[in-house]
Amino acid sequence: MKQEFSFWNTEAIFYHLYPLGLCGAPEQNDFSTAPEPRLEAVHAWVDHIAELGCTAVYLGPVFESGSHGYDTADYLTVDRRLGTNENLKAVIAHFHSKGVKVVLDAVFNHVGRHFYAFRDLMQYGESSVYRHWFSGVNFGLRSPKGDNFTYETWNGHYELVKLNLQQAEVKAHIFKAVQQWVEEFGIDGLRLDAADVMDTDFLQELSGFCHRLRPDFWLLGEVIHGDYRKWANPQMLDSVTNYECYKGLYSSHNDRNYFEIAWSLNRQFGSQGIYKHLQLYSFADNHDVNRIGSTLQNPAHLYPLHALLYTMPGIPSIYYGSEWGIPGTKLPHTDAPLRPALPAPDQVHPKQHPDLAEVIRNFARIRKTHRALQHGAYEQVHVAQEQLAFMRCTAQETILVAVNAADTPVELMLKVALADESKLVNLLDPSQAFTVKEAKVQLPVPSNWVSILLVV
């Protein structure tokens, strides 16, 4: 079991980069071209990420793979389309010099067909010493790829060969890679791809191994459905992706129905919330889903949505480029529009919503300076179709958040469990202060905006 530490991540604000896309790497790896140091382009983003208020960066897959990075060919060598191990080491050192932690994408559920052990299996068949490294190998059937055997995959994709994570040599190989990433690159954590279909005994062993290497090492799991406590618990992972609230964040705006996100926040973090002791990873978009700039039907909703992202319980994350609301929608046979090549931040044009980054920076500033927004309990105060108000409270601090997604300003009369004559100061405009009278406070909230009020 992990020891209890004050993990840096519980107060983190993440920025998510997908290096193969950002750096304009070729879609396919020819496995023969000399390494091209495209990762050097990430250096131009470090200051921007730190100035945006982010304290950690999640780097998408960076190790040798065949195409999108989730088909690993070599866990120990940086993808030649991005550069060399030295290039990655320099990028991570640059982030660390700005106080930004680095979490790498770890794809341990499956590998690509170019992975050396699978190539051996293809060549030697039943004689391969690696035949037990993969799940469901059956020499009585042929795979759709023409192999003289078949095997388990991730989600039916035969380019993604499922590893046998109960096999001792497989675990030893993965743990060797993790140790190298920690000792050579100095990473601070891992985001585990497809954690929801991985062997849970393996996840427990991995957790123990990582936390023996570094007690404050952080493990995030990609989990889409199910009870997040199955994976996020003291024996296994520190956090998982909060896809329930990801869905609620955008559809509550598109449907003009804040009852949806309010229901999820209550279920997860309210007084009887099933995840109120967890810090789940909150996001509005990522490399697998349409960009929030394209998902929202009303672009003005980018502002209340990000206000919720930064004030609700959890660990907020921004996907590269979405701080300007750039668009991106999946196509039938490719996710490339979600993962565009971008130049240095000051050269990104057009920025569809150029003021959004400054708004997000301000939300980050407030979140970082108020522990109630980082660790406080959640209590709903008011919900209507286009308005949501809630308290975040610690023993020392209380903050009231009121969000308005309507196209017109509103005047809310909120019942609050605060003493009469309590003052509430708007952290976004400290010239605004409000007084509690008879356990109520009257608040104006501009259209598509938020009031974040500190009780003083």
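This is a short tour of selected strands, helices and loops in a predicted model.

**Stop 1: strand β2**

Select residues 56-59, which form strand β2. Show the side chains. Ala56 and Tyr58 point one way from the strand. Val57 and Leu59 point the other way. Which of these are buried or exposed? Ala56, Val57, Tyr58 and Leu59 are all buried.

**Stop 2: the partners of β2**

Add strand β1, residues 14-17. β1 and β2 run parallel, and 4 bridges join them. To find one pairing, pick leucine 17: its bridge partner in β2 is leucine 59.

Now add strand β5, residues 101-106. How many bridges join β2 to β5? There are 4, and β2 and β5 run parallel. Pick valine 57 here; its bridge partner in β5 is valine 102. Leucine 59 and valine 57 are both among the buried residues of β2.

**Stop 3: helices α7 and α10**

Clear the strands. Select helix α7, residues 243-254, and helix α10, residues 302-311. Their axes come within 10 Å. The crossing angle is roughly 150 degrees. Angles over 145 degrees count as roughly antiparallel, so α7 is roughly antiparallel to α10. The crossing of α7 past α10 is right-handed.

Which residues meet here? From α7, display Leu249, Tyr250 and His253. From α10, display Pro304, Leu305, Leu308 and Leu309. Colour the contact by class: 6 residues are nonpolar and 1 is polar, with no charged residues.

**Stop 4: a cis peptide bond**

Go to histidine 349 and proline 350. A cis peptide bond joins them, with omega about -5 degrees. Where is proline 350? Look in the loop between β13 (315-319) and α11 (356-369).

**Stop 5: asparagine 155**

Next, select asparagine 155. Its phi is positive, about 55 degrees, although the residue is not a glycine. For context, show β7 (153-154) and β8 (157-162); asparagine 155 lies in the loop between them. Is asparagine 155 buried or exposed? Its relative accessible area is 59%, so asparagine 155 is exposed.

**Stop 6: glutamate 421**

Finish at glutamate 421. This residue is not a glycine either, and its phi is positive, near 75 degrees. Display β17 (410-415) and β18 (423-426) as markers: glutamate 421 is found in the loop between them. Switch on a surface here. Glutamate 421 has 47% relative accessibility, so it counts as partly exposed.

Notes: Residues are numbered from 1 along each chain as its sequence is written. This is a predicted model: local features need pLDDT of at least 70, side-chain atom pairs count only at pLDDT 80 or more; totals for chains, interfaces and linings use all residues. Side-chain values use heavy atoms; hydrogens and water are left out. Axes are lines fitted to C-alpha atoms, for helices over the stretch in contact, and angles run from 0 to 180 degrees between N-to-C directions. Helices (H or I, at least four residues) and strands (E, at least two) are DSSP runs, numbered from the N terminus. Angles under 35 degrees count as roughly parallel, over 145 as roughly antiparallel, 65 to 115 as roughly perpendicular and the rest as oblique. A crossing is left-handed if the near helix is turned anticlockwise from the far one by less than a right angle, and right-handed if clockwise. Contact means heavy atoms within 4.5 Å. Ala, Val, Leu, Ile, Met, Phe, Trp, Tyr, Cys and Pro count as nonpolar, Asp, Glu, Lys and Arg as charged, and the others, Gly among them, as polar. Buried means under 20% relative accessible area, exposed over 50%, partly exposed in between (1.4 Å probe, protein chains only). Two strands pair if DSSP finds at least two bridges between them.
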